[in-house]
Amino acid sequence: MASSLGWKRWGLLQAVASCGFFLFPWSHCSRRRMGSFLDPEIRAFLEESTEVTSSGSLTPEIRLRLLTPKCKFWWERADLWPYSDPYWAVYWPGGQALSRYLLDNPDVVRGKSVLDLGNGCGATAIAAHMSGASRILANDIDPVAGMAITLNCELNQLSPFPILTKNILNLEQDQWDLVVLGDMLYDEALADSLHGWLKKCIWTFGTQVLIGDPGRSPCSGHSIWHDLHKVAEYSLTEATRQQNNGLTTSAVWDFQP
């Protein structure tokens, strides 16, 4: 599994763009216990196949269920995993930087509505919650990722926030004070879609957009980078460096088209 950390989200976006659901609808999120939304078999599988950890990342305040060398599927062939590729079980460097930034700068999110786009393990949404965001929507196209985010909320003793498992880029845009996304600038076609969608958010609603990304190729030359302004940079932990081919830093960028 360690050799399979290059899983792509764009193929998954295309595969499930026509389906999706709210794991926590707005009208029910305060009334029902988080765990009651989880399929018991999937919950048991996720708990058995991941390790709860808060070490080796930039945010030791946040506990997450991740794939680690202690887990069976770290070593098993990726095609033996019974669900969509578990990209959500890796705490990617862009997400780490973005989450660290929100925890260190709570004024960025306090009292604001926040959309965490393509949020994977949910760490950045959790960081926004811890920093006082007034409303949060976590978006990921994989329902299993949504369930993993639920478990991660439980680990951090947080009240549930809504999770939309649908390709939000295909939906009518809603108004958000802040949109955050991490580690999504790895594919030219996806970067094209994000570039246009995020510009529309800003021009229509005045939304602030923060992107966590280490500046990795092959999209380092994409035109979106002309609109990104670095606001923070972090040295990655040794564990994260080892999992990302020696990558040493990650950054937070303000998108200003």
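Mentor: Two strands are said to pair if DSSP finds at least two bridges between them. Keep that threshold in mind as we go through this model, which is a predicted one.

Trainee: Why are β8 and β10 said to pair, and in which sense do they do so?

Mentor: β8 and β10 are joined over four bridges in the antiparallel sense, and since the definition asks for at least two bridges, the condition is met and the two strands count as a pair. One place to look in the structure is Gly212, whose bridge partner in β10 is Val252.

Trainee: What makes β9 and β10 a pair?

Mentor: Seven bridges join strand β9, residues 228-235, to β10, and the two run antiparallel; because at least two bridges are required, β9 and β10 qualify as well. Here the bridge partner of Glu233 is Ala251 in β10.

Trainee: Why is strand β10 described as mostly covered?

Mentor: Strand β10 spans residues 249-255, and six of its seven residues are buried. For each of those six, buried means a relative accessible area under 20%.

Trainee: Asp213 lies in strand β8, residues 208-213. How do you know whether Asp213 is buried or exposed?

Mentor: The relative accessible area of Asp213 is 0%, and the limit for buried is under 20%, so the residue is classed as buried. Leaving aside neighbours within four places in sequence, Asp213 is in contact with several residues, including Gly94, Asp183, Leu185, Trp225 and Trp253. Asp213 and Leu98 are 115 residues apart along the chain, yet their C-alpha atoms are separated by 8.3 Å.

Trainee: What makes the approach of Asp213 to the backbone of Gly215 a polar contact?

Mentor: A polar atom of the Asp213 side chain lies 2.6 Å from the backbone nitrogen of Gly215. A polar contact needs a pair of N or O atoms within 3.5 Å, one able to donate a hydrogen and the other to accept it, so a distance of 2.6 Å falls inside the limit.

Trainee: Turning to helix α2, how do you know which of its residues are on the same side?

Mentor: The buried residues of α2, which covers 40-49, are Ile42, Phe45, Leu46 and Ser49. These buried residues take up an arc of only 95° around the axis, and therefore they lie on the same side of the helix. On the other side of α2, Pro40 and Glu48 are exposed. The cover over the buried residues of α2 includes β3 (64-66), α3 (72-75) and α6 (143-155).

Trainee: Why is Asp39 called a cap of α2?

Mentor: A side-chain oxygen of Asp39 lies 2.9 Å from the backbone nitrogen of Glu41, at the N-terminal end of α2. With the limit for a polar contact at 3.5 Å, that distance qualifies, so the name rests on a polar contact at that end.

Trainee: What makes β5 a partner of both β4 and β6?

Mentor: Strand β4, residues 113-117, pairs with β5 in the parallel sense over five bridges, and Ser113 stands opposite Arg135 in β5. The chain passes from β4 through helix α5, residues 123-130, to β5, in a right-handed β-α-β crossover. On β6, residues 163-165, the pairing with β5 is parallel over two bridges, which is just enough because the definition asks for at least two. Ala138 stands opposite Ile163 in β6, and the chain crosses from β5 through α6 to β6 in a β-α-β crossover that is also right-handed. As for cover, four of the five residues of β5, which spans 135-139, are buried.

Trainee: How do you know whether Gln157 and Asn245 are buried or exposed?

Mentor: Gln157 has a relative accessible area of 75%, and Asn245 has one of 82%; exposed means over 50%, so both residues pass the cut-off. Gln157 lies in the loop between α6 and β6, and Asn245 in the loop between α8 (238-243) and β10. Gln157 has a positive phi of about 55° although it is not a glycine, and the phi of Asn245, likewise not a glycine, is near 55°.

Trainee: How many helices and strands does the protein have, and what share of its residues is buried?

Mentor: The protein has eight helices and ten strands, and 56% of its 257 residues are buried.

Note on methods. Residues are numbered from 1 along each chain as its sequence is written. This is a predicted model: local features need pLDDT of at least 70, side-chain atom pairs count only at pLDDT 80 or more; totals for chains, interfaces and linings use all residues. Side-chain values use heavy atoms; hydrogens and water are left out. Buried means under 20% relative accessible area, exposed over 50%, partly exposed in between (1.4 Å probe, protein chains only). The arc is that of the directions from the helix axis to the C-beta atoms. Contact means heavy atoms within 4.5 Å. A crossover is right-handed if, with the strands pointing away from the viewer, the path from the first strand over the helix to the second runs clockwise.
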